[in-house]
Number of protein chains: 2
Amino acid sequence: MGRAGQRVTRQKKLILEILRSTNTHPTADWVYEQARKQLPDISLGTVYRNLSVLKGAGEIMELSYGSTFSRYDGNPHNHYHFVCEKCGRVLDVALPVRTELEEELALKEAHLVRSHRLEFYGVCRDCLEADRAK
Amino acid sequence: MGRAGQRVTRQKKLILEILRSTNTHPTADWVYEQARKQLPDISLGTVYRNLSVLKGAGEIMELSYGSTFSRYDGNPHNHYHFVCEKCGRVLDVALPVRTELEEELALKEAHLVRSHRLEFYGVCRDCLEADRAK
DNA sequence: ATATCTGCAAATGGTTTGCGGAGGA
DNA sequence: TCCTCCGCAAACCATTTGCAGATAT
């Protein structure tokens with residue numbers, strides 16, 4: 001924040017706080033509902049606008065998986081995700097980031113590789129546990 | 001194909017052919033435009049319906065990256081992609097698929113890991129070349 | 001003071017779907 | 001024949017945007 005021409009508004013601050021205080025990778029709509037508890041008159045358009053600004057500033061990440069909508073992550077450092085195909089949750093993954101994959105690709109195909117994204121799909125521990133209990 | 005209750009129509013066959021004959025990972029709209037050259041009366045709705053069916057049958061893959069629209073890949077076997085942030089193309093990557101990552105994650109977090117997806121982002125060889133020529 | 005941001009509401013655009021008729025098995 | 005698929009067009013829905021007033025700096 002603090003980039004030239006960018007103002008610090010109550011709305012923007014709140015949205016960033018909400019996103020940083022959870023690890024559930026929420027949708028824009030969920031962020032909107034949370035924000036309304038503090039600022040009842042905030043609009044969904046403002047939420048989308050600020051999510052876009054924060055993303056551009058590198059403060060948050062947008063996660064667009066198979067779904068028809070995006071999820072947002074308050075942790076802007078590259079890390080991997082696991083998508084549970086049963087409960088739909090998106091979980092953080094504790095594996096280290098493999099930057100060497102980028103180098104390997106750059107070497108092999110002569111592209112300039114700036115970043116990469118890795119997601120896993122399956123059934124999460126909790127859903128497996130729930131199945132076992134039945 | 002040939003699954004119970006699934007008919008082989010001209011439209012479905014054509015869409016699969018189109019997708020298999022290119023490695024450009026086209027959008028639904030591009031497939032539609034190509035298909036119209038053979039079947040001028042085909043509708044966009046039919047293209048979407050068949051893309052969905054073919055995906056469900058494991059004949060093709062849907063790629064949904066940051067964009068607002070999907071791309072489709074006629075190669076249903078897992079492989080990685082490179083997205084050029086300059087020209088927007090999606091290119092196949094020649095790196096081998098790292099299934100060991102799935103095992104590593106399963107071991108570490110006790111999830112059932114079924115698959116993974118890896119994408120690289122940057123500037124492709126051709127765009128670098130074009131820049132250099134200026 | 002003034003340029004950026006907000007709330008509101010309408011527009012956008014990729015994708016989905018209901019319907020009655022066509023055509024594959 | 002019969003049931004699935006098609007073309008058409010309207011509906012859907014997450015996201016974006018134009019505008020006039022509010023607000024951060």
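This report walks through how two protein chains meet two DNA strands, one serine in chain B, and the domains of chain A.

## Ground rules

This is a predicted model, where local features need pLDDT of at least 70, side-chain atom pairs count only at pLDDT 80 or more, and totals for chains, interfaces and linings use all residues. Residues are numbered from 1 along each chain as its sequence is written, chains are lettered from A and ligands numbered from 1 in the order in which they are written, and side-chain values use heavy atoms, with hydrogens and water left out.

## DNA strand C

Let's start with strand C. Around it sit 21 residues, and Arg7(A), Thr46(A), Arg7(B), Tyr48(B) and Ser70(B) come nearest. A residue counts as near a strand if one of its heavy atoms lies within 4 Å of it. Of the atoms of DNA strand C that come within 4 Å of the protein, 64% belong to sugar and phosphate. Sorted by class, the surface near this strand has five nonpolar, ten polar and six charged residues. Here Ala, Val, Leu, Ile, Met, Phe, Trp, Tyr, Cys and Pro count as nonpolar, Asp, Glu, Lys and Arg as charged, and the others, Gly among them, as polar.

Now for some polar contacts, meaning pairs of N or O atoms within 3.5 Å; within protein, one must be able to donate a hydrogen and the other to accept it, and residues adjacent in sequence count only if both atoms are side-chain atoms. The side chain of Thr9(A) has an N or O atom 2.9 Å from a phosphate oxygen of strand C. Gln11(A) puts a polar side-chain atom 3.0 Å from a sugar or linking oxygen of strand C. Val8(B) uses its backbone instead: an N or O atom there lies 3.2 Å from a phosphate oxygen of strand C. The elements giving two or more residues to this surface are helix H3 (44–56) of chain A and helix H3 (44–56) of chain B. H3(B) gives the most, with four residues. Helices (H or I, at least four residues) and strands (E, at least two) are DSSP runs, numbered from the N terminus.

## DNA strand D

Strand D is surrounded by 21 residues, and the closest are Tyr48(A), Ser70(A), Arg7(B), Ile42(B) and Thr46(B). Sugar and phosphate make up 72% of the atoms of strand D that come within 4 Å of the protein.

A backbone N or O atom of Ser70(A) lies 2.8 Å from a phosphate oxygen of strand D. Arg49(B) reaches a base: a polar atom of its side chain is 3.1 Å from a base nitrogen of strand D. H3 of chain A and H3 of chain B are the elements that give two or more residues to this surface, and H3(A) gives the most, with four.

## A serine in chain B

Ser64(B) lies in the loop between strand E1 (61–63) and strand E2 (71–73) of chain B. Why is Ser64(B) called buried? Because its relative accessibility is 9%, and buried means under 20% relative accessible area, exposed over 50%, partly exposed in between (1.4 Å probe, protein chains only).

Leaving out residues up to four places away in sequence, Ser64(B) touches residues including Ser64(A), Gly66(A) and Arg117(B); contact means heavy atoms within 4.5 Å. A polar atom of the Ser64(B) side chain also lies 3.4 Å from the backbone oxygen of Tyr65(A).

## Two domains in chain A

Chain A is assigned domain 1 (1–76) and domain 2 (78–134), with bounds from an automatic or database domain assignment. Their C-alpha centres lie 23 Å apart. Twelve residues from domain 1 and eleven residues from domain 2 take part in the contact.
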